[in-house]
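Got a model open and a ligand in it, and not sure where to start reading? Let's walk through it together, one feature at a time.

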Amino acid sequence: MITNRLASPHPALWDRMSWLVNALLCSAVALFSYRYLASFGPLPSSIVGNAHFFPWLLIHAGAAATALLIAPLQFLKGLRSRRPTVHRWIGRVYAVGCMVGGVSGLVLAAGVTAGPVAGLGFGLLAVAWLSTTGLAWRAAVVRDFSAHRAWIVRSFALTFAAVTLRVYLAVSESQLLPIDADAAYIAISFLCWVPNLVVAEIMLRRGTPRAGRPAS
Ligand code: HEM
């Protein structure tokens with residue numbers, strides 16, 4: 001999440017607030033996504049029309065939503081330092097969630113009703129998500145924690161695409177902007193993740209501690 005910590009007179013408070021907002025957004029989107037597993041409420045017809053909807057969307061929603069739900073816990077400094085075993089186990093569940101969510105996301109990308117360009121947007125997101133998470137996992141296994149932190153920040157920026165996607169979809173569906181819904185969906189398949197990755201890269205290059213050291 002983009003924050004201006006340096007301009008804040010209370011950086012620690014700012015870090016805690018941004019972590020909380022981040023965690024609330026992730027939890028809300030993750031819990032809402034579990035409705036696919038419970039077949040609860042009306043489901044978007046464009047998504048139900050995905051050529052690979054069953055069983056891939058159920059696998060995808062379950063795994064990716066679990067990764068999204070637990071990811072903010074990994075940025076808690078107190079949990080990392082006082083409960084390293086819990087941090088490691090949550091990390092394993094997160095990585096498995098990303099891997100299963102990424103592979104199923106790749107299958108779904110080949111079946112989107114919005115066409116090949118949207119499929120390419122989601123497909124590249126899946127490849128980037130699998131790669132960054134795999135590299136973060138490998139770095140943790142070989143105890144290269146500097147590389148682990150950098151790759152996990154990138155991985156989380158991509159996991160957070162689930163949140164930015166829904167924000168952009170809400171704007172597009174509100175018809176506040178004079179943009180055709182189909183064209184907007186194609187653009188969103190890239191917009192939901194490319195800017196996230198750019199922000200993550202800027203934070204890493206600036207050495208912003210917040211990415212790896214938010215609220216304790
Ligand atoms: C970051 C990598 C991800 C990729 C590559 C990806 C890919 C996709 C694709 C291709 C679809 C089908 C879209 C369509 O048919 O038009 C989809 C739908 C969906 N994805 Fe993901 N996804 C990712 C992350 C996530 C995460 C982290 C969540 C967790 C909440 C999630 C939850 C869902 C849900 C619930 C749907 C159904 C669509 C909706 O209700 O709006 N995805 N995803």
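What follows is a short question-and-answer tour of this predicted model.

Q: Let's start with the ligand. Which residues come nearest to it?
A: Begin with the shell, then pick out its closest members. Here 24 residues surround the ligand, and Y36, N50, H60, W129 and Y185 come nearest.

Q: And where does the ligand sit?
A: Check it against the pockets found on the protein atoms alone. In this model the ligand sits in the largest pocket.

Q: How do the shell residues divide into nonpolar, polar and charged?
A: Sort them by residue type. The shell holds 17 nonpolar, 5 polar and 2 charged residues.

Q: Which helix gives the most to that shell?
A: Map the shell back onto the secondary structure. Helix 4 gives the most, with 5 residues. Several helices supply at least two shell residues each, among them helix 1 (11-33), helix 6 (84-109) and helix 7 (116-141).

Q: There's an iron atom in the ligand. What is its protein donor?
A: For a metal, look for N, O and S atoms within 2.8 Å. NE2 of H60 is the only protein donor of the iron, at 2.1 Å. H60 belongs to helix 4. A polar side-chain atom of H60 also lies 2.8 Å from a nitrogen atom of the ligand.

Q: Which side chains have an N or O atom by a ligand oxygen?
A: Scan for N or O pairs within 3.5 Å. The side chain of Y36 has an N or O atom 2.5 Å from a ligand oxygen. For R166, a side-chain N or O atom is 3.1 Å from an oxygen of the ligand.

Q: On to the backbone. Which residues does the cis peptide bond join?
A: Omega is the angle to read. The cis bond joins F54 and P55, with omega about 5°. P55 is found in helix 4, where H60 also has its place.

Q: What about phi: where is R143, with its positive value?
A: Look for positive phi in residues other than glycine. R143 has phi near 60° and is in the loop between helix 7 and helix 8. Q175 also has a positive phi, about 60°, and is in the loop between helix 9 and helix 10 (181-191).

Q: Why does Q175 count as exposed?
A: The cut-off for exposed is over 50% relative accessible area. Q175 counts as exposed because its relative accessibility is 67%. R143 is at 61%, so R143 counts as exposed.

Methods: Residues numbered from 1 in each chain as written. Predicted model: local features only at pLDDT ≥ 70, side-chain atom pairs only at ≥ 80, totals over all residues. Heavy atoms only, no water. Near = heavy atom within 4 Å. Polar contact = N/O pair within 3.5 Å; in protein donor to acceptor, adjacent residues only side chain to side chain. 1 Å grid on protein atoms, 1.4 Å probe; cavity = no way out; pocket = protein on both sides within 12 Å on 5 of 7 lines; lining within 4 Å. Sits in = over half its atoms within 2 Å of the grid points. Helix = DSSP H or I, 4+ residues; strand = E, 2+ residues; numbered from the N terminus. Nonpolar A, V, L, I, M, F, W, Y, C, P; charged D, E, K, R; others polar. Donors = N, O, S within 2.8 Å, 3.2 Å for Na, K, Ca; no water. Buried < 20%, exposed > 50% of the residue type's maximum accessible area, 1.4 Å probe, protein only.
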